[in-house]
Amino acid sequence: MTRETIHVTGELYSYLLRVSLREHEVLRRLRDANAGHPLATLQISPEQGQFLAFLLRMLDARKVIEVGVFMGYGTLWMALNVPEDGKVIACDINEEWTGIARRYWKEAGVEERIDLRLAPARQTLDALVAGGESGSFDLVFIDADKTAYLYYYERSLELLRPGGVIAVDNVLWSGRVLDVKDTDPDTIAIRQFNERLSNDERVDLIMLPIADGVTLARKR
Ligand code: CA
């Protein structure tokens, strides 16, 4: 027995994908198309998408929020895994990237399930709360500007039903959370975010070393 999580080499990672990944053909094309993009690391990894899809199925999720869309890869994983009358509210401010995203959502035939809100996510989340939608969402995926993580988290917790889940990306931040000399605002924000959640009695908590680290917080 070992106390360490297994180190996933490139070869082992390929194996993992080969024996377990079930990626829709449009998802695969979207991922291939973005592979050469300079900001490709902004996109979640395929097994991470499948993990979110699995969570949605477990939760019987119908109402989902995504904070940070990029090219819509994660959005598409989620839209493919809510029922036909389900809804993914997708928050982003980038018209160009979400314009590309929309094409793929349409190709996959799930664009009706995605409600893209082109505005700062703070505004969109505030508007949902003000519009009386508190307590009605099944899952929120947060993967956007790190300095606003705590704000997104608080609003998301308000919007979730009891038993609903917030999934948060990049919580290990390539290991930079450990480097006390790293005073980058994003690093500080992620460190503070992790510390805050560690004592948050309103949720059940787990941090998983998937991709760049994913925290799951289940609303009690
Ligand atoms: Ca991310």
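Which protein donors hold the calcium ion, and how far from it do they lie? The views below come from a predicted model, in which local features need pLDDT of at least 70, side-chain atom pairs count only at pLDDT 80 or more, and totals for chains, interfaces and linings use all residues. Residues are numbered from 1 along each chain as its sequence is written, and side-chain values use heavy atoms, with hydrogens and water left out.

**View 1. The calcium ion and its protein donors.** Asp143 (OD), Asp143 (OD), Asp169 (OD) and Asn170 (OD1) lie 2.3 to 2.7 Å from the ion. Donors are N, O and S atoms within 2.8 Å of the metal (3.2 Å for Na, K and Ca); water is not among the atoms, so sites may look incomplete. The donor residues follow the spacing D-x25-D-N in sequence. Asp143 is in the loop between strand E4 (137–142) and helix H7 (149–159), while Asp169 is in strand E5 (residues 160–169), 26 residues apart. Helices (H or I, at least four residues) and strands (E, at least two) are DSSP runs, numbered from the N terminus. Both Asp143 and Asp169 are buried, that is, under 20% relative accessible area with a 1.4 Å probe, protein chains only.

**View 2. An open sheet of 7 strands.** The order is E3-E2-E1-E4-E5-E7-E6, with mixed pairing. Two strands pair if DSSP finds at least two bridges between them. Strand E3 (114–118) and strand E6 (203–208) are the edge strands, each pairing on one side only.

**View 3. E5 beside strand E7 (residues 214–219).** The two run antiparallel and are joined by 5 bridges. Val165 stands opposite Arg218 in E7.

Definitions and conventions:
Buried means under 20% relative accessible area, exposed over 50%, partly exposed in between (1.4 Å probe, protein chains only).
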